[in-house]
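Here is a short set of exercises to work through with the model open beside you. Try each task before you read its solution.

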Amino acid sequence: MKNWLKICKFTLKQAIKGKKFIGSTVFVGIAFLIIAAVSNILISGALDDKDKASDLKAVYIVNETDLSLDIDSFEQKHQKDYPYLTISEVSGLSAEEAAKDVTALGDNEDTSIVLNIKESEESCDLTIYIPKESTVGSGDAKDFARDFSETIKNAKISSTGVSADKINMAVSDLNINEITINEPSEEEDYSFISYLAPMLVMIVLYFLVIFYGQSIGQIVSMEKTSKLMEYILTLSGPSAIIFGKVTAIFCEAVIQTAVWIVCAVTGLVISNVVITDVIGLSRVDIISVFMDMLPENGVSANFYVLLVLAVIALLCAFLFYCFVSALFASFAATAEELSQTTSMSFMTMLVGFLTSFYVPLFTENDPIGMTIIRIIPFTSAFVLPGDIVSARIGFIPFVLYLTLLLLFTVLLAILTGRVYKNRLFKKGTKGIFAEIAGAITGKVKTKEDDLNEVLESQDSRSSKALLYGNLDNAKKAYTIIGFAILTFMLAANAIGGIIGDVLAKIISAKSHLELTDIYTDTTFLALANIISIYGIACPLCALVAKLSNGSKYVVKGTISKNQYIRAICIMFPVTVLLANFSNYLAALLSGGEAENSMINTLISGDNILSMIMVSVLAPIFEELIYRKLIIDRTRRYGELTAIIYSALAFGLFHCNIYQFFYAFALGLIFGYVYVRTGNILMTIVMHMIVNSSSAIMAPYLPVVYTYFIYVMIGLGIVSIIYTIIKKDVHLEKAPNEVPHKMLSGAAFKNSGSILFAIVCIYIMAYSLIVSTLLG
């Protein structure tokens, strides 16, 4: 991003010097100062007659009971409410006589009352006498009597000789609680700030984006119609222009917001001076009210550190959505188009907020759901500030999630630059999402249909016949491959199941064990899978696939070490993310009852045979079937379709929802590496790395595995971003190329592929239902 800093400085100087910036900063700052001051005064109760300090100066008590009143404790407790008060007990006079001749009792006859305490048959009565000369109102007198009644109550309790705690416990209500032993205890804090922090962030973000969205839209959309833009692009590049200008508006927002916060704090200080010095009170204020709303585990010695981290997260979230606004604004060239794209950016932000707010609410802060919304940048922008304030995540996870958000922000800036360059001097907002997808992949779609493009490019009927001949051959090849992997599934499950039953019964007869014990034994499961899958299913699949050998096409290529290492790193964030998503989806479909018991047993790490099967045999045989066998016979008609087909077949082959999504994603990575190199050993090694980390490292070295996963996720995210920026993914044209839209129909809409999919989906659904019932 060459010269982006110069662009940022220039744009920021122009914005700060403008009348709009100075005027809005001053007027809004004054408004914040006034609002903060007035709000603080209102919350403090300084203007509320009921909360003002009473002018009552003298209270005379005629006690006709044997109760011993603790007047000193009352005066200390209510010093702020009655700062000028003195309380005296009167003897030798009735309360009525004392009220008539109050001048004889003291010097405060104009601000005094008389209280009479006497016993009745069933209770203790408190009567208020207001002298004729007193200016104390009836309401103030009743308020004092209500406050003083607590002292009388304490005196009554003391006269019984029983402690106040025991009396309160004896007369208190009985609370009934229900606890289910098997349910885990809820340790999360569902407090005000925990639930509403994302909403507060949403409000702040919403107003910031509204306030500065127009500025971002103007500098991105309006200036691109300038004839000087081509010259500027040659000096800096589109990404540098976008990054510099949007960062300048972000800095402008931070400066203005900081000024407004200072004004608000000044308003609080001024209002506290008024409340304390002028009115003579030192009462509750906005800060104390806010602190009372915080969860107990959030208010600690580190609370202010957490608050600083929350502000940093909020700034990162705002920067991300600044680039979201810039991305949509790149499609606008007129005021009407700008209003359309601005509303789209607001809708995107609203969807992110609603998702981040309702997912924790409906899933009760389920770890899987929370992990997903913390990874996705559109939702993590709202979740992270609230999470760190309420201490729901630790410092290290927070840093990792925040780093991920920043990486997505940089990636979004680069993507916006590409879109900006593609849309330069163009008008209209049609096809926004298609063009964004084109900018990500590096391919810009044309308006013509793929088939029409091919047919229009043909100069003769023989070329068209050749195209349809290739399509017919491709359909035959994919049909045979479909039946080959269908044979694989049927052999592995049906024939393998029969052989497994026979072996189980033989073992049961010789060892006198129950069949259920045998079926749950890790060694038996591993042995049964090895015999059924690798001993029976793989040879039968290869035998059927030989019928399509006429379409075999292998190209020996190479990829750089850098590309190969990046491919290995990319596997881990993809696997972790989609594995968590799969677990969340399975729990959602089964009500939290289902579990992948067989896979958990095989990777438990307590059986050598299962470790060999998962870490060595599975990578070898699965790569031979789902990469070499499938891709060698289909890539001549189109590399993209061959990769997608092999990856989808690989995902369905696992026959459980827990592995389908990440197996499909890994299949795409393995397929691409194999297409580029033609070397099956490279994908076998990659497959072994993934399987060994979960089957060997996780059970035996859990701490090392945890740090290993963290490191690989970080490297994988960097590798993904680097690959996208460099557009380092490319496919070659096949010798018998068929357009993808035509070829996908031939590949997926044939009898072999459809039957294979039906069998796999049936087994997947059956296993989910069974595990749900057993759970």
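A contact here means heavy atoms within 4.5 Å. This is a predicted model, in which local features need pLDDT of at least 70 and side-chain atom pairs count only at pLDDT 80 or more, while totals for chains, interfaces and linings use all residues. Residues are numbered from 1 along each chain as its sequence is written, and side-chain values use heavy atoms, with hydrogens and water left out.

**Exercise 1. Get the overall picture.**
Work out how many helices and strands the protein chain has, and what share of its residues is buried.

Solution. Start with the elements, which are DSSP runs numbered from the N terminus: helices are H or I with at least four residues, strands are E with at least two. The protein chain has 29 helices and four strands. Next, burial (buried is under 20% relative accessible area, exposed over 50%, partly exposed in between, with a 1.4 Å probe and protein chains only): of the 775 residues, 45% are buried. Then look at the contacts between residues at least 6 apart in sequence: 80% of them join residues at least 24 apart. Finally, the surface, by the Shrake-Rupley method with a 1.4 Å probe, where for residues only the protein chains shown count as cover: the chain exposes about 40500 Å², and 64% of that comes from carbon and sulfur atoms.

**Exercise 2. Decide where to trust the coordinates.**
Find which element has the lowest mean pLDDT and which the highest.

Solution. pLDDT is the predictor's confidence in each residue, from 0 to 100. The chain averages 77, and 76% of the residues score at least 70. Going element by element, helix H17 (residues 450-457) comes out lowest with a mean of 50, and H24 highest with 94. Now scan for weak stretches: residues 179-191 stay under 50, with nine contacts beyond four places in sequence. Residues 445-450 are also below 50, and this stretch has five contacts beyond near neighbours in sequence. Where pLDDT is low, the predicted coordinates should not be read in detail.

**Exercise 3. Check two backbone oddities.**
Is Cys655 buried or exposed, and where does Cys655 lie?

Solution. First the backbone: Cys655 isn't a glycine, yet its phi is positive, about 55 degrees. Its place is the loop between helix H24 (639-653) and helix H25 (657-677). With a relative accessible area of 9%, Cys655 is buried. Now do Lys727, another non-glycine with a positive phi, of about 50 degrees. Lys727 sits in the loop between helix H27 (702-726) and helix H28 (740-748), and at 44% relative accessibility it counts as partly exposed.

**Exercise 4. Hunt for disulfides.**
Say how many disulfides a search of the whole structure finds.

Solution. The test is a pair of cysteine sulfur atoms within 2.5 Å. The search finds zero. Take Cys322: the nearest cysteine sulfur, in Cys251, is 9.9 Å away. Cys322 is buried, at 1% relative accessibility. Cys538 is buried too, at 7%, but the closest cysteine sulfur, in Cys541, is 7.0 Å from its own, so that is too far for a bond.

**Exercise 5. Look around Glu252.**
Which residues is Glu252 in contact with, leaving aside its neighbours within four places in sequence?

Solution. Locate Glu252 in helix H9 (residues 238-278). At 9% relative accessibility, Glu252 counts as buried. Its contacts are Leu12, Ala15, Phe21 and Tyr212.
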